[in-house]
Structure formats: C-alpha cells, structure tokens
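Please open the structure in your viewer and keep the sequence panel in view. The tour below proceeds by selection, one stop after another.

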Amino acid sequence: PTRCEKLTDRLLAKTGYSDALRGATQISRMEFQTGLSEIPNLNDADRSQANAAFARAFNPERLRSSVRTYLISKCDAATYEAVLASLSSPLALRMRRLEDASGTKAGAEALRAYYDQMRQNPPSEERVELMERLEKSRHEMEFLQNLLLVMARQTAAGFGQPVPSDTDLRASMQSALPMAQQMILMRELGVYRDAPDKDLV
C-alpha cells in the first residue's frame, strides 16, 4: 500500500467512521423495513424488490470504499498525519471513549435514563450554548444535509428512478431541518454529559 492508502485506512479506523457507517446502515435498513411493513397492499415480491434496492443503495462496504477512494485521491499526507496526531491526544481519546460508550447497549440505556431525568434537571443555558458551539464547529448540520442528499440520490438510483435535483431535495428537507438540529443537540448533550466544560471548549 502507498503512504496515502495507509494514512487513509488509519483515518477511517481512528475516527470510527467505518464502524459508524456500518451501524448507521443497519439502523437505516431496519427503519426502512419497518416503513415497508406499514404500507398497505404491498405484496411480498414488491417488498423483496424494495429491500434489494435499498441494500444495493446502502451497502456499507461499497460506501466505505467510495469514501476511501475519495480520501486517497485528495490525499495531503501532512494534513492527514496532523489529524491522526490530534486524534491521539489525551483529550481526543477521552471524547472518543464517551462516543464509543454511547454506541453500546448499556450506553443507549444510560442515554435514555439521562433524557428521562433531563425534564426535572435540564442543563444550564451556558452548557447548551457551549454544546451549540461544539455542534457548529463540527459542521454537524452541514454534514447531515449532505448525507440526506446522498441518501436521497442513492435511493432513487437503487429504485431505478430519475434523481431529483439538489434544489428540489434541499427544498423538501427544509421543514425537517429544525427538528434534526434539535435532535443533534439533544444527542450531544447526552453523549458528552460527563465531559467537563473545559474539554468541550
């Protein structure tokens, strides 16, 4: 492997992107299948065809391969090494442990418990503002919008349908974005609930 290939593979592993992509794909597929089951008058053949189209559109290994190819083509070895070094800092390791823990079964249960008690003990305004700054600095909403655009295109392609224009897709997303932003904020408040303010800063 070339230097850029090695750096890219380390980035995908260190950031947890490969694991996150597999997990997100599995969750999306379960939600898709749940949605299919609620459509009346859909026969088994149609349901099977829809599942196959979704599987083609959201194959995690193919998506990872596409991201890997892109990162290699844009490789700036010095930048990639700097990112890897920052991901190995004590702060980054502490934050990654919190993120990894939230993805476990026990972590999900702890998040639910946190949200249940949040009604009686809401976070301070200062904590919420700090989390909003973190969310903005990480371009969470920009990433989500781009992800939704890709998913919409892939779904259309998987079903052999014409792909809508980005303008139409963005227009259709506008009503859902405020709720999505609130969900991102809530998730980060939960995931980083034990992180001190200085770490978030």
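Does M173 count as buried or exposed? The model is a predicted one, and in it M173 has a relative accessibility of 10%. Residues under 20% are classed as buried, so M173 counts as buried.

**First stop: M173 and its surroundings**

Select M173, which belongs to helix α10, residues 166-173. Next, add Q145, L148 and L149 to the selection: M173 is in contact with these three when its neighbours within four places in sequence are left aside. For L149, display the C-alpha atom together with that of M173; the two atoms are separated by 9.1 Å, although the residues are 24 apart along the chain.

**Second stop: the disulfide**

Now select C4 and C75, which are joined by a disulfide with an S to S distance of 2.0 Å. The model contains one disulfide. The link between C4 and C75 is left-handed, with -80 degrees about the S-S bond. C4 sits in helix α1 (residues 3-14), whereas C75 sits in the loop between α4 (60-73) and α5 (77-87), so the pair ties together parts that are 71 residues apart in sequence. With a relative accessibility of 21%, C4 counts as partly exposed.

**Third stop: helix α3**

Select residues 44-57, the 14 residues of helix α3. From its first C-alpha to its last, α3 reaches 20 Å, close to the 20 Å expected at 1.5 Å a residue. Then colour A50, N51, A53, F54 and A57, which are the buried residues of α3. Viewed down the axis of α3, these buried residues fall within an arc of 160 degrees and therefore line one face of the helix. An α-helix has 3.6 residues a turn, so residues three or four places apart point the same way. Give a second colour to D44, A45, Q49 and R56, which are exposed on the other side of α3.

Move next to the N-terminal end of α3, which is capped by N43. Show the side chain of N43: one of its oxygen atoms lies 3.1 Å from the backbone nitrogen of A45.

**Last stop: S102**

Finally, select S102 in helix α6, residues 90-102. S102 is buried, with a relative accessible area of 10%. Which residues is S102 in contact with, leaving aside its neighbours within four places in sequence? Select G107, A108, L111, R187 and V191 to display these contacts of S102.

Terms used: Residues are numbered from 1 along each chain as its sequence is written. This is a predicted model: local features need pLDDT of at least 70, side-chain atom pairs count only at pLDDT 80 or more; totals for chains, interfaces and linings use all residues. Side-chain values use heavy atoms; hydrogens and water are left out. Helices (H or I, at least four residues) and strands (E, at least two) are DSSP runs, numbered from the N terminus. Buried means under 20% relative accessible area, exposed over 50%, partly exposed in between (1.4 Å probe, protein chains only). Contact means heavy atoms within 4.5 Å. The expected span of a helix is 1.5 Å times one less than its number of residues. The arc is that of the directions from the helix axis to the C-beta atoms. A polar contact is a pair of N or O atoms within 3.5 Å; within protein, one must be able to donate a hydrogen and the other to accept it, and residues adjacent in sequence count only if both atoms are side-chain atoms. A disulfide is a pair of cysteine sulfur atoms within 2.5 Å.
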